[in-house]
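Dear colleague,

Please find below the structure that I am handing over to you. My notes on its pockets, cavities, ligand and salt bridges follow directly after it.

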Amino acid sequence: GSWYEIDLGAVRNNYRELRWRLPRNVKIYACLKRNGYGCGAAAVAATLAAEGVDGFAVASLLDAISIRRTGIALPVLLYPGASTGAGPVVEALDLTISISSIDELHQWTSVLTKFRAFIKVDLGFCRAGATPSEAGPLLTAAHSSPNVLVEGIYAHMSELPSSRPLDVVDQFARMQTILSNAESGGIRPAIAMMSSTEGVLRHPQMDLDAVDPGALFVGLPETEEPARELTLRPALKSICTTLVTVKRLDASLGPVPDIPGFKPGMTIGVIGMGWGDGLPRTVPSGSEAIIHGRRARLLAPAHLEHLRIDLTDVPEARFGDRVILLGRQGDQHISHEELAAHWGTDLVGLYASLRDHIPRIYI
Ligand SMILES: *Cc1c(COP(=O)(O)O)cnc(C)c1O
């Protein structure tokens with residue numbers, strides 16, 4: 001079989017690294033979208049709850065359900081994604097909805113009698129959220145609806161390909177205007193939030209009442225020149241699989257396939273992971289795995305569930321032996337950066353390509 005080794009000690013460390021640097025009154029809503037960045041929303045949530053996290057944020061109802069199944073009663077904010085068909089689940093699990101427009105407000109109030117909400121505002125990222133000019137009227141409408149408990153207002157500070165450094169300042173200024181208008185109208189929600197990983201690392205002045213980083217907890221430091229220097233550890237420790245079979249390409253198979261890396265008489269293995277398990281559809285040349293403490297070449301192409309490996313230099317390899325795609329064995333180590341480069345992605349992309357059908361072993 002195949003499995004991921006997930007280090008919950010790293011998650012704990014990453015949380016503590018952030019917590020002690022934040023002012024005490026700043027709450028942490030841990031963003032655990034995409035099943036906790038592939039590391040398992042339930043296990044990561046339980047770890048963070050034990051550390052005293054204030055709440056969670058997710059994009060999918062499934063992630064909210066897995067957090068609630070662990071028995072956690074902390075707030076769970078749903079980022080935009082759920083529609084009113086999810087009303088019964090939102091009610092049963094006491095989830096907090098994001099609302100970006102008057103229409104969304106009306107639709108939710110038509111299906112739920114009482115619910116918690118965060119107003120989402122768009123500060124220039126042009127994704128979900130009320131525009132700065134819509135934010136005031138939306139807050140007023142939500143505030144005056146007897147069905148809605150307006151607990152927060154938030155934005156996602158993120159960058160467009162064309163972003164300039166000054167955009168961050170502009171976006172923060174827009175948020176401050178929205179908040180001060182709400183304040184003077186007596187309808188400022190208790191929690192204002194706009195910092196994800198990038199924000200908490202680079203812009204401490206934007207902490208507001210709460211922050212909602214996600215990647216940070218699984219140890220993804222993507223920020224250059226952080227204002228807060230955290231020592232983060234990766235939660236994904238290794239990606240392991242086994243040899244499904246070992247064979248010598250003898251003459252009875254006919255001519256060896258015309259594929260780079262194949263030679264008559266060579267010994268190949270087949271590993272129990274393919275592109276259906278998160279590997280790239282096209283395995284680039286130079287990709288390697290570790291077996292018996294040595295590096296061996298992966299032989300493209302990948303298949304849905306299998307991939308060949310060149311065992312020429314590992315004659316002792318046998319059926320069932322462990323193969324490391326990420327992590328350490330003996331003196332050899334395949335780093336997150338190396339694997340991400342071979343998979344044609346970055347570190348967040350690597351975590352996002354972890355698949356939910358592959359078991360996670362928590363260490
Ligand atoms: C993904 C996301 C976050 C967390 O982002 P990270 O970069 O993983 O910290 C925060 N807020 C919103 C709305 C998001 O979509």
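How do the residues of the lining of the largest pocket divide into nonpolar, polar and charged? Before I answer, please note that this is a predicted model. The lining comprises 16 nonpolar, eleven polar and ten charged residues.

**The pockets**

The largest pocket has a volume of about 790 Å³. Its lining is made up of 37 residues, and those nearest its centre are His156, Met157, Ser158, Ser196 and Glu198. Two or more lining residues come from each of helix 2 (33-37), strand 7, helix 8, strand 8 and helix 9.

The second largest pocket has a volume of about 180 Å³. It is lined by 14 residues, of which Leu236, Lys237, Ser238, Gly327 and His333 are the closest to its centre. At least two residues of this lining are supplied by each of strand 10 (236-248), strand 15 (322-329) and strand 16 (332-334). Sorted by class, the lining of the second largest pocket holds four nonpolar, five polar and five charged residues.

**The ligand**

The ligand is surrounded by 13 residues, with Lys33, Tyr37, Thr197, Gly214 and Ala215 being the closest. Thr197 has a side-chain N or O atom 2.5 Å from an oxygen atom of the ligand. Ala215 approaches through its backbone: one of its backbone N or O atoms lies 2.9 Å from a ligand oxygen atom. In the case of Tyr79, a polar side-chain atom is found 3.1 Å from a nitrogen atom of the ligand.

**The cavities**

Rolling a probe the size of a water molecule over the atoms shows where empty space is left. How many cavities of 30 Å³ or more does the structure hold? There are two cavities of that volume.

The largest cavity has a volume of about 100 Å³. It is lined by 13 residues, and Ser287, Leu298, Leu339, His342 and Trp343 lie nearest its centre. Helix 10 (residues 336-342) gives the most to this lining, contributing three residues. By class, nine of the lining residues of the largest cavity are nonpolar, two are polar and two are charged.

The second largest cavity contains about 40 Å³ of space. The residues that line it are Lys120, Val121, Asp122, Leu123, Phe125, Arg127, Ala128, Ala155 and His156. His156 is thus named in the lining of this cavity and also in that of the largest pocket. The lining of the second largest cavity divides into five nonpolar, one polar and three charged residues.

**The salt bridges**

Side chains of opposite charge can pair when their charged atoms come close. Across the whole structure, 19 salt bridges are found. I describe some of them here.

Glu151 and Arg116 meet through their side chains in a salt bridge, with an N to O distance of 2.7 Å. This pair links distant parts of the chain, 35 residues apart: Glu151 belongs to strand 7 (residues 148-155) and Arg116 to strand 6 (residues 115-121). Are these two residues buried, exposed or partly exposed? Glu151 counts as partly exposed because its relative accessibility is 23%. Arg116 is likewise partly exposed, at 28% relative accessibility.

A salt bridge also joins the side chains of Arg164 and Asp170, at 3.5 Å from N to O. Arg164 has a relative accessible area of 44% and is therefore partly exposed. Asp170 is partly exposed as well, its relative accessible area being 27%.

Arg188 forms a salt bridge with Asp209, in which the closest N and O atoms are 3.0 Å apart. Why can this pair be said to tie together separate parts of the chain? Arg188 lies in the loop between helix 8 (165-184) and strand 8 (191-195), while Asp209 lies in the loop between helix 9 (197-202) and strand 9 (210-211), so the salt bridge ties together parts that are 21 residues apart in sequence. Both partners are partly exposed: Arg188 has a relative accessible area of 26%, and Asp209 has a relative accessibility of 24%.

Finally, a network of salt bridges links Arg12, Arg16 and Glu51.

With kind regards

Definitions and conventions. Residues numbered from 1 in each chain as written. Predicted model: local features only at pLDDT ≥ 70, side-chain atom pairs only at ≥ 80, totals over all residues. Heavy atoms only, no water. 1 Å grid on protein atoms, 1.4 Å probe; cavity = no way out; pocket = protein on both sides within 12 Å on 5 of 7 lines; lining within 4 Å. Points joined across faces, edges and corners; volume = space filled by probe spheres on them. Helix = DSSP H or I, 4+ residues; strand = E, 2+ residues; numbered from the N terminus. Nonpolar A, V, L, I, M, F, W, Y, C, P; charged D, E, K, R; others polar. Salt bridge = Lys/Arg side-chain N within 4 Å of Asp/Glu carboxyl O. Buried < 20%, exposed > 50% of the residue type's maximum accessible area, 1.4 Å probe, protein only. Near = heavy atom within 4 Å. Polar contact = N/O pair within 3.5 Å; in protein donor to acceptor, adjacent residues only side chain to side chain.
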